[in-house]
Amino acid sequence: MDIGNVQNVRRVRNLRNVHFIRQRKIYKIRKNPYIELTNNEFRKKYRFSKAECLQIVNEIRDFLPRAVNNRGKPISPSLQLLIALRYLAKGQVQDDNGDLHGVSQPTVSRSGAEVFKMWSGNFKTSRPQYLNYLI
């Protein structure tokens, strides 16, 4: 065994004693479109009024998955609906849709998929007329 190998072994042993500090997760600031947008702006972005969206949320709330705890800042059914409506209304790129709502692109994909799955599955038999307009 030569001197170079001994030094490499010592470096590896020293690395075992080093504790890496994890970076804190940084969350985007989520905006509440119901508060921040006027009725006209809201209708332009989502094709429904605030009152209509709240009515839809009340009807579909039980069909969407809920977070058991607040770990990772879960998304409310209201925000899930708005993300899906924005995608359907404008065909917006998921990354831009996420920036608008303060969530990541994978979150937009998952929440949109949950809403679309709910519309095509459980809720299909009792689907109100306005959902036919969307689909």
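**View 1. Helix α5 in the predicted model, from its length to its covered residues.** At 1.5 Å a residue, the 14 residues of α5 should span 20 Å, and since the C-alpha atoms at its two ends are 20 Å apart, the expectation and the model agree. The model shown here and in every other view is a predicted one. How much of α5 is covered? The helix is mostly covered, with 11 of its 14 residues buried; among them are P77, S78, Q80, R86 and A89. After the helix comes G91, a residue whose phi is positive, near 60°.

**View 2. The largest nonpolar core and the helices that supply it.** This core has 17 residues, and those with the most contacts inside it are F42, C53, I60, L81, L82, L85 and W119. Four helices, namely α3 (39-46), α4 (50-60), α5 (77-90) and α7 (105-120), each supply at least two residues of the core. In soluble globular proteins, nonpolar side chains tend to be buried together. Which residues does L81 touch, once its neighbours within four places in sequence are left aside? L81 is in contact with C53, I56, V57, I60, V115 and W119. A second core, separate from this one, has five residues, including I75, L79, I83 and V108.

**View 3. The surroundings of S111 in helix α7.** S111 lies in helix α7, and this serine counts as buried because its relative accessible area is 5%, under the limit of 20%. A polar atom of the S111 side chain lies 3.4 Å from the backbone oxygen of V108. When neighbours within four places in sequence are left aside, S111 is in contact with Q80 and I83, both of which are among the buried residues of α5.

**View 4. Aromatic pairs, buried and partly exposed.** The structure holds three aromatic pairs. One of them joins Y34 and F42 in a tilted arrangement, with 5.3 Å from centre to centre and 35° between the planes. Y34 counts as buried at 15% relative accessibility, and F42 is buried too, with a relative accessible area of 0%. Another tilted pair is formed by Y87 and F116, whose rings are 6.1 Å apart centre to centre, with 50° between their planes. Because Y87 lies in helix α5 and F116 in helix α7, this pair ties together parts that are 29 residues apart in sequence. Y87 is partly exposed, with a relative accessible area of 38%, and F116 is also partly exposed, at 28%. Ring pairs also link Y34, F42 and Y46 into a cluster.

Terms used
Residues are numbered from 1 along each chain as its sequence is written. This is a predicted model: local features need pLDDT of at least 70, side-chain atom pairs count only at pLDDT 80 or more; totals for chains, interfaces and linings use all residues. Side-chain values use heavy atoms; hydrogens and water are left out. A nonpolar core is a set of buried Ala, Val, Leu, Ile, Met, Phe, Trp, Tyr and Cys residues joined through side-chain atoms within 4.5 Å. Buried means under 20% relative accessible area, exposed over 50%, partly exposed in between (1.4 Å probe, protein chains only). Contact means heavy atoms within 4.5 Å. A polar contact is a pair of N or O atoms within 3.5 Å; within protein, one must be able to donate a hydrogen and the other to accept it, and residues adjacent in sequence count only if both atoms are side-chain atoms. The expected span of a helix is 1.5 Å times one less than its number of residues. Rings of Phe, Tyr and Trp (its six-membered ring) pair if their centres lie within 6.5 Å; planes under 30 degrees apart count as stacked, over 60 as edge-to-face and the rest as tilted.
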